[in-house]
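Here is a short tour of one protein model, written for someone new to reading structures. Keep the 3D view open and click along as you read.

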Amino acid sequence: MNTKYRRAIIGGNWKMNLLPSEIKAYVKKLLPNLPPTRDCEVIICPSFISLGQTISALRGTGVAVAAQNVSEFPSGAYTGEVSAPQLSDIGATHVIVGHSERRIYFGEKDLTVNRKVLTVLEHGMRPIVCIGESGAIRDAGAAEELVSFQLKTALHGVAPQKMRRVAIAYEPVWAIGTGKTATAQQAGDMCAMIRTSIRKIYGARIARSVSILYGGSMNGDNAPELLAQPDIDGGLIGGASLKVEDFCRIISAAIEESAKIYKE
Ligand code: PGA
């Protein structure tokens, strides 16, 4: 992590977990345990149905709320979809875009991901763009090539002045929900490659300001080692974010890591 140039971000992706009636209890438990978030942006990502309630419950606490998905269209006859203007109207500040579960189970393609990134930015929110290879692609030695393609396609048409509002999440599919975390070296190397790719498109100044997160079975135990990698600026946490203690341990690890830069 290098917080001299960029902010640490820890996002809790609840996926399709927690009932709307369980949100109040989660927030009640989270707030007294939450480390001071000045040095780390904390984002909670509930299901659409709990977004409004979560936003109200966290208002004024410094914790941001993200949607897990968005329609690529701004409005119209798209039954079952939720648009970027609707999300921004309700007070969501971030949107996860292109999560591998959307790509795998709902057929989301790279070009759709790109359109979603553009619409999120256009409506004043910040996309957390997920990219990452499957185990088969890694075994075939094509992980970097795929991740770099996913990155470039997702960012196509994103103006340089908007890049500061984009966060990238490197989430190797083989590590998501499997308990099989990437080693700090594997994750750190890929995040460094991602930053190099951003540098080639947008230049060094913008590349060093973009937060790159790791996601895939991150927990309170492995977070310190992963976050110590110079190009890993935070995490997108699935399973462990459902447990308040574990989630807060990860946030503390990010705060501790970001404090190091000031001591250097
Ligand atoms: P996990 O999920 O932490 O449960 O592996 C991460 C993610 O999918 O964002």
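## Aromatic pairs

Let's start with W14 and Y26: both of them are buried. This is a predicted model, by the way, and the structure holds three aromatic pairs. A pair of aromatic rings is described by the distance of the centres and the angle of the planes. For W14 and Y26, the ring centres are 4.6 Å apart and the planes sit at 70°, so this pair is edge-to-face. W14 is in the loop between β1 (8-13) and α1, while Y26 belongs to helix α1, so the pair ties together parts that are 12 residues apart in sequence.

Now jump to F73 and Y78. Their ring centres are 4.0 Å apart and their planes make an angle of 5°, so you can call this pair stacked. Are F73 and Y78 buried or exposed? F73 counts as partly exposed, because its relative accessibility is 32%. Y78 is partly exposed too, with a relative accessible area of 36%.

## How α1 and α2 pack

Two packed helices are described by the angle between their axes and the distance between the axes. Try that on helix α1 (residues 23-33) and helix α2 (residues 48-58): they pack at an angle of about 30°, and their axes are 10 Å apart. An angle under 35 degrees counts as roughly parallel, so that is the label for α1 and α2. The crossing of α1 past α2 is right-handed.

Which residues make this contact? From α1 come I23, K24, V27, L30 and L31, and from α2 come S50, Q53, T54, A57 and L58. Sort the residues of the contact of α1 with α2 by type and you get six nonpolar, three polar and one charged.

## α7 and its partners

Helix α7 (residues 143-154) packs against helix α5 (residues 110-122) at an angle of about 40°, with the two axes 8 Å apart. That angle makes α5 oblique to α7. On the α5 side, you'll find D110, L111, V113, N114 and V117, and they meet F149, Q150, T153 and A154 in α7. The residues of this contact of α5 with α7 divide into five nonpolar, three polar and one charged.

α7 also packs with α9, at an angle of about 45° and with the axes 10 Å apart. These two helices are therefore oblique to each other, and the crossing of α7 and α9 is right-handed. Here α7 brings A143, E144, V147, S148, L151 and K152, which meet M190, M193, I194, S197, I198 and I201 in α9. In the contact of α7 with α9, the residues divide into eight nonpolar, two polar and two charged.

## Two glycines

Find G11 in strand β1. Its relative accessibility is 1%, so G11 counts as buried. What does G11 touch, leaving aside its neighbours within four places in sequence? The answer is I43, G235, L236, I237 and F247. You can also check G11 against C45: they are 34 residues apart along the chain, and their C-alpha atoms are separated by 7.1 Å.

Next, look for G179 in the loop between β6 (167-170) and α9 (184-202). At 62% relative accessibility, G179 counts as exposed, because the label applies over 50%. G179 and F106 are 73 residues apart in sequence, and from C-alpha to C-alpha they are 23 Å apart in space.

## Unusual backbone angles

Most residues other than glycine have a negative phi. With that in mind, take a look at L18, which has a positive phi of about 70° although it is not a glycine. L18 is in the loop between β1 and α1, and at 27% relative accessibility it counts as partly exposed.

S217 is another case to look up: its phi is near 55°, a positive value in a residue other than glycine. You'll find S217 in the loop between β7 (212-215) and α11 (223-227).

Methods: Residues are numbered from 1 along each chain as its sequence is written. This is a predicted model: local features need pLDDT of at least 70, side-chain atom pairs count only at pLDDT 80 or more; totals for chains, interfaces and linings use all residues. Side-chain values use heavy atoms; hydrogens and water are left out. Axes are lines fitted to C-alpha atoms, for helices over the stretch in contact, and angles run from 0 to 180 degrees between N-to-C directions. Helices (H or I, at least four residues) and strands (E, at least two) are DSSP runs, numbered from the N terminus. Angles under 35 degrees count as roughly parallel, over 145 as roughly antiparallel, 65 to 115 as roughly perpendicular and the rest as oblique. Contact means heavy atoms within 4.5 Å. Ala, Val, Leu, Ile, Met, Phe, Trp, Tyr, Cys and Pro count as nonpolar, Asp, Glu, Lys and Arg as charged, and the others, Gly among them, as polar. A crossing is left-handed if the near helix is turned anticlockwise from the far one by less than a right angle, and right-handed if clockwise. Rings of Phe, Tyr and Trp (its six-membered ring) pair if their centres lie within 6.5 Å; planes under 30 degrees apart count as stacked, over 60 as edge-to-face and the rest as tilted. Buried means under 20% relative accessible area, exposed over 50%, partly exposed in between (1.4 Å probe, protein chains only).
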